[in-house]
Amino acid sequence: MARPLPREISLGELIERFGGELAGGQPGQTVRRLASLAAARQGDLGFLSAARHRAEAAGTGASAVIVTPGLADALPAGTARILVPDPYAHFAAVARWFAQMLEPPPPSPPIHPSASIDPSASIAANVSIGAHAVIEAGAQVGEGASIGAGCFVGREVRVGAGTRLHPGVSVYHDCIVGARCIVHAGSVIGSDGFGFAREAGRWAKIPQLGAVVIGDEVEIGSNCSIDRGALEDTVIGDGCKLDNLIQIGHNVVIGEHTALAGCVGVAGSARIGRRCMIGGSAGILGHLEICDDVVISAMSLVTRSIRQPGFYSGVFPLMDNAGWEKAAATLRQLPGLRTRLRRLERDAAGVGGAPGESAQQDNSIDPKD
Amino acid sequence: MARPLPREISLGELIERFGGELAGGQPGQTVRRLASLAAARQGDLGFLSAARHRAEAAGTGASAVIVTPGLADALPAGTARILVPDPYAHFAAVARWFAQMLEPPPPSPPIHPSASIDPSASIAANVSIGAHAVIEAGAQVGEGASIGAGCFVGREVRVGAGTRLHPGVSVYHDCIVGARCIVHAGSVIGSDGFGFAREAGRWAKIPQLGAVVIGDEVEIGSNCSIDRGALEDTVIGDGCKLDNLIQIGHNVVIGEHTALAGCVGVAGSARIGRRCMIGGSAGILGHLEICDDVVISAMSLVTRSIRQPGFYSGVFPLMDNAGWEKAAATLRQLPGLRTRLRRLERDAAGVGGAPGESAQQDNSIDPKD
Amino acid sequence: MARPLPREISLGELIERFGGELAGGQPGQTVRRLASLAAARQGDLGFLSAARHRAEAAGTGASAVIVTPGLADALPAGTARILVPDPYAHFAAVARWFAQMLEPPPPSPPIHPSASIDPSASIAANVSIGAHAVIEAGAQVGEGASIGAGCFVGREVRVGAGTRLHPGVSVYHDCIVGARCIVHAGSVIGSDGFGFAREAGRWAKIPQLGAVVIGDEVEIGSNCSIDRGALEDTVIGDGCKLDNLIQIGHNVVIGEHTALAGCVGVAGSARIGRRCMIGGSAGILGHLEICDDVVISAMSLVTRSIRQPGFYSGVFPLMDNAGWEKAAATLRQLPGLRTRLRRLERDAAGVGGAPGESAQQDNSIDPKD
C-alpha cells in the first residue's frame, strides 16, 4: 500500500496546484494517501477514468476522487469529486508530487564513507553515493545524481545530472548514461557484446571496443543487460523506457521514446525506430530494422525488417493441452494438406488450375521485404 | 558432486530417524554421502523410485538404496535396502538432514564489521549479516535470518524470521519478505513497476507507491525481478516457489503454493491462483486472472483469463528448419485454405452450406471468456 | 566508439605481426583506432570481408582496410589495403592485440584493502581483487585471475588461472570456474536448482547438494543464472560461450564449444552436445538430450530429444495483427479442417480411402524419437 503523506493535503491546495473543479465536497477537506478505488478508505484520494470501473467506483471508500464530469455520478453521494478532463494524467501529476513528499531526505553525509572513489573521478555538487559503491578513475558524476549502494561505475564513465542508479548497478568503462535517467537494481550497462568468430570448431573472442550511450530521461528496469558495441556504440535514445530483465545486444540502436516490456531480447545490430512498443518476452533478431511507430505483441519474434508502422503479432494461441496436441500435430502436415486441397480443386475444376491459389499471398507481413 | 558428511551415518540411525525397513544389510553399515544411482560409489546412499531407472539400479555402486519393496530386486545382491512406501519423499527428508549437517557453522562474528547498518534498524537475535551488506533506516530483520554479503535492505523493509537472503539481493524500501523464505543471489524485490502515461509522444512516469509483500516459505531463485505495486502491493502468497530470471510486474497477485519455472514473465496486475504451475519461459499478459490449479506449458503465452483448472499449451512445434519454413509459409495462408475448403464443400454438397463448419468451435480454450 | 590506442601503429608493424600484403599505401603510414567502414575516419583501420558491404567500403574514411584481394577495388583510391585471405579472422586477431593495449594497468595495490578475504583462502600470484569483494574460507583463486568489485566467491570455490570475474558476480560454495574464463557482471553460479517435491499440496524443498563445474575458456554474459546440481554437478564444457540473461537448470550438461544466445532457458537435467548453437530466447525442456552440432532457431522450444545434427525451428511467423488473428483462429480449427478435407477426398475417390493421408508424416522432426 502507498504510504500516507507526512501531512494532510486539502482539496483546495490540490486544486490550486493542479487545477480541476471541486464538486460535492469542501476545499478544507483533506486527503493523505493515494489509493485505488477498490482499496481506498477514509482519507484517500483515488481516480476514475473509464466507465468499466463503475462497479468499483460505486463502492469506493475514498474521501475524494479525480473524475470526468461524465462519470461523476458513478461515485457514492458523500464522495468529494475533483472534475478534470483527463483523470489519469491528472492523477499521475498528483502522484509525482506525493512521491516527492514521500522521498526521504538525502543521506547525511551524502557520500557514504565506505564508498570507494578514485581521486581522479569528478563528482559534481549534490551527488549522493551509497555504501560500498565504487567509482573508478576518470568517471564523472553529474549534479544531483544519486549512486546507490554497491554500484560499480567504471573508468571514464559519465553519469548525467539528476540520474539515479539504484543499488547494485554496474556500468562498465567508457559508457555514458544521460541526465535524469533511472536505472534499477542489478542492471548491467556495457558488458561485452556476444562476438565470436568460429575458428576450427572453437570460438575466438572478438574484443568489444565500443561502449553504450544512453540518452536523457531513460528508465531501465532491474536486472537488464545492455551490451557495449563491438566497434561503434550501442545507443538507447532519449526518453526510452525499458522494463526488467531485458537483453540489448551489441551495436543495437533504439530511437527516442520507445518502450520495451519485460524479458524482451534484442539481438546484435538491430535498429529499432522511435515511439515503438515492444511487448513482453518478444524477440528481435539481429541486423534488422524496425521503423518508427511499430507495435510488437508479447512473445512475438521479429525475423525480418519492418518498414511500415503498424501492429504485428506472431504467437501460437493458447489451447487446452489436448486441443493443442492435435493442432500442433496437424500443423506439421499443413503443407501436405494444402497440396491435397489444391489437388481436389484441380479435380473439381477440370484442367484449368486452382483458382483459390490467388489467395496465397494473403496475410503476408511485408511482401517488399 | 555432493560433499561427504563430516561423520559416518549408520543405516540403523537412519531408520531410527526416518523409518523404513532394512533388507539385505546390517544396521551397523554406514554411509556418508548422497548420490544418484549412476554415480554412487562405496559409502553412498541412493534411492530408486521408478521402474524406468532399473538399468541404473542394476549397475549401481551405492552401499545402500532407499527403495519400495516392489523394486528391491532391481538392485545388486550386495546392496543394502531401506524399504519405504515413497522413496523420493523419504530421500528428500534424509537429504534435508544431510544438508543441515553440511551447513557451515554461523560466521563469527555473526554480523560482519564491514556491514553498514543504520542505527534505527532492528536486528533480532541470531541474525547473521555478511560483508558489505547494507541495512537502511527502520528496517527489521527477524530472528535467525541471514543477510548475505553485499545485500541491500532498504528503509522500513521487514525480513521475516529464519529467512535467508543470498549475496547481492536488493530489497527496496517498505517491502516485506515473510518468514523462512529463501531468496537467491541477485534478485531484486521492489523495483518500480513499469508505469508510464503517454503524453504528447513521450512517456510520463507514474510513481510506484505500493510495495511488495512476500508470504512465508517462499523461495525465489537468482536474478529475479519483482516490481512494487503502483498504489496497492504486489503479493506473492505463502509457499510459492519461483525459479530464476523471473519477472513479476506491478500489482500482480500470486496465490499460495504456486510454482513458476525459469524465465517466466508475468505482466502487471495479473492474478494467478493457488497451486498453479507455470512452465519455463511462459508469459502471462496483464490484467487477467488465472484460477487455482492451472498448469501452463513452457513458452506458452496466456492472453485471456483462464477460469477452468486444467492444462493449457500454445507452442509452435519444433521441426527441421526446411519443414518449418513450409509450415510457417502455409500458416499465413490458413484462413485462405479454410475458405477454399468451404467452397469445395459447398460445391460438393450443392446449395445447402458446408456441414463441416460445425466443427469450428472445437479446441477453443474457453468459449465463455 | 572504440578508444584510440595510446600510440600510433604503423602498417609495417601490423604486417610484421599479423601478416598480409600491403597495397596502395606505405609501411610508415599509421593507424590508432579500429572502426567500422561506415564510421571510420582518418587514422582508423577497418575491414571488408563481404561483397554486400561494397557501398560502405566505397565511402569509407578509413586510412587502411584489411581486405581480400578480390574486394580490394571496392575501396576508395587513397585507402591503404592490407590484403589477406580471411579479413574477419585477421581483424579479430588485430582487435585482440589492440584491446590488450587499451587495458588499464593492473590496480595498485592489486588487492583492494576493502576486499574481505578469509585467511584460509588461497590467492595465487598476480591476482587482482576489487573493492568490497568477498572471498570465503577455503576458496582458491588461480594465478593472474581478476575478481571484480563486489564479487562473492563462496567457501571452497575454485577460480582458475587467468579467469576474470566482472563486478558483482556471485559464485556459491564448492563451485569450480576453469582457467581463462570471463564471467560478466551480475551472473550467479551455483544458486540452488529448482527442486521441490509435492507433499499434500505444498512444495517440500529437495536440498541441492551438487555444484557447478565450468570448464576452461568459457565466457558467460551478464545476469546469467547457472544452478548447482541436486546430487551430481551442473557442467559447462570447455570453450562454451553464453550470452546474457541465460538460465541453466540443475544437472544440465553442456558439451564443449557450444554457444547459447541471450535469454535462453535450459531446464533441469537436459544434456546438450558439443558445438551446438542455441538461438536467443529458445527453450530446452528438462531431461532430454540434444546431440552434437545441432542448431536451434531463436525462440524455439525443444520438447523432445534431438538425435540428428541439423537445424531446427519452431516459431509462429510474424504477421500484421489482423492477419495473425485470423490465422490463430483458424489454427484452432485445423484438426477439424483436416477431417473435412479427408471427407471430401473420400467422397471424391469413392470408397477407397484418402490417398493424400500418406503425406501425414511429412515434416516430422525425428520419427525415431
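Q: Which residue of chain B stands opposite A:Asp320?
A: This is a predicted model, where local features need pLDDT of at least 70, side-chain atom pairs count only at pLDDT 80 or more, and totals for chains, interfaces and linings use all residues. Residues are numbered from 1 along each chain as its sequence is written, with chains lettered from A and ligands numbered from 1 in the order written. Two bridges join strand β39 (residues 319-320) of chain A to β38(B), running antiparallel; strands pair if DSSP finds at least two bridges between them. Opposite A:Asp320, in β38(B), stands B:Tyr312.

Q: Which element supplies the largest share of the side of chain B that touches chain A?
A: Here 69 residues of chain B are in contact with 71 residues of chain A (C-beta atoms, placed from the backbone, within 7 Å). Elements that each supply at least two residues include β38 (310-313), α4 (321-332) and α5 (334-349) of chain B. Helices (H or I, at least four residues) and strands (E, at least two) are DSSP runs, numbered from the N terminus. The largest share, eight residues, comes from α5(B).

Q: In chain A, which residue has the C-alpha nearest the axis?
A: A turn of 120° and a shift of 0.0 Å along the axis lay chain A on chain C with an RMSD of 0.0 Å, superposed by least squares on the C-alpha atoms of residues with pLDDT of at least 70 in both. That is the relation of a three-fold axis. At 3.5 Å from the axis, the nearest C-alpha in chain A is that of A:Phe316.

Note on methods: Two residues are in contact if their C-beta atoms, placed from the backbone, lie within 7 Å.
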